[in-house]
Amino acid sequence: MSLDGADPGWSVDGFEPGPEGLTQDLLINGRTVLRRYTVDTLFPHFPFAIATPITDTGRQWLAQEAGPLLAQSRNC
């Protein structure tokens, strides 16, 4: 299975709360699938980082290797 957000197997639609957790009805490859989820941990106000910190050594390595590493991203 891929991590393609358009793949119905990864849909976040159709969740319904219930007494024992969440359920989700999906249609995957022509079959109706009922998934059941139990939430064991909830952080309602989790502060997600918008950047990953980098060390000076990492910054130097990236500057040295940027040509080959980033060449493909310029062609997208």
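Reader: Is Phe46 buried, partly exposed or exposed, and what is its relative accessibility?

Author: This is a predicted model, and every value I give you is computed from it. Phe46 has a relative accessibility of 47%, and it therefore counts as partly exposed, because that class lies between the limits of 20% and 50%.

Reader: How many residues does the protein have, and what share of them count as buried?

Author: The protein has 76 residues, and 8% of them count as buried. Its accessible surface comes to about 7,200 Å², and carbon and sulfur atoms hold 59% of that area.

Reader: Which pattern of helices and strands does the protein follow along the sequence?

Author: Reading along the sequence, you meet the pattern β-β-β-α, which is made up of three strands and one helix.

Reader: In which sense do strand 1 and strand 2 pair, and over how many bridges?

Author: A general idea helps before we look at the strands: in a regular strand, the side chains alternate between the two faces of the sheet. In this structure, strand 1, covering residues 15–18, pairs with strand 2, covering residues 21–28, in the antiparallel sense over four bridges. The two strands form a hairpin, with two residues between them. If you want to follow one bridge by eye, begin at Phe15, whose bridge partner in strand 2 is Gln24.

Reader: How many aromatic pairs are there?

Author: In general, a pair of aromatic rings is described by the distance of the centres and the angle of the planes. The count here comes to three aromatic pairs. One of them joins Phe15 and Tyr37, whose ring centres are 5.4 Å apart and whose planes make an angle of 55°, so that the pair is described as tilted. This pair links distant parts of the chain, with Phe15 in strand 1 and Tyr37 in strand 3, which covers residues 31–37, and the two residues are 22 apart. Phe15 is partly exposed at a relative accessible area of 30%, and Tyr37 is also partly exposed, with a relative accessibility of 31%.

Reader: What kind of aromatic pair do Phe46 and Phe48 form?

Author: Phe46 and Phe48 form an edge-to-face pair, with 4.8 Å from centre to centre and 70° between the planes. The angle is the part to look at, because planes over 60 degrees apart count as edge-to-face. Phe48 is exposed, with a relative accessible area of 69%, and together Phe43, Phe46 and Phe48 form one aromatic cluster.

Reader: Which residues form the salt bridge, and how far apart are the closest N and O atoms?

Author: A search of the whole structure finds one salt bridge. Asp56 forms it with Arg59, and the closest N and O atoms are 3.2 Å apart. Both residues belong to helix 1, which covers residues 56–74, and because they are three residues apart there, about one helical turn separates them. Asp56 is exposed, with a relative accessible area of 56%, whereas Arg59 is partly exposed at 46%.

Reader: Which residues make the nonpolar surface patch, and what is its area?

Author: The patch is made by Ile54, Trp61, Leu62, Leu69 and Leu70, and its area is about 450 Å². As a residue to start from, take Trp61, which is found in helix 1 and is partly exposed, with a relative accessible area of 47%.

Notes
Residues numbered from 1 in each chain as written. Predicted model: local features only at pLDDT ≥ 70, side-chain atom pairs only at ≥ 80, totals over all residues. Heavy atoms only, no water. Pairing = 2+ DSSP bridges. Phe/Tyr/Trp six-rings, centres within 6.5 Å; stacked < 30°, edge-to-face > 60°. Buried < 20%, exposed > 50% of the residue type's maximum accessible area, 1.4 Å probe, protein only. Salt bridge = Lys/Arg side-chain N within 4 Å of Asp/Glu carboxyl O. Patch = residues over 30% accessible without salt bridge, like charges linked within 9 Å, V, L, I, M, F, W, Y side chains within 5 Å. Areas by Shrake-Rupley, 256 points an atom, 1.4 Å probe, with all protein chains shown as cover.
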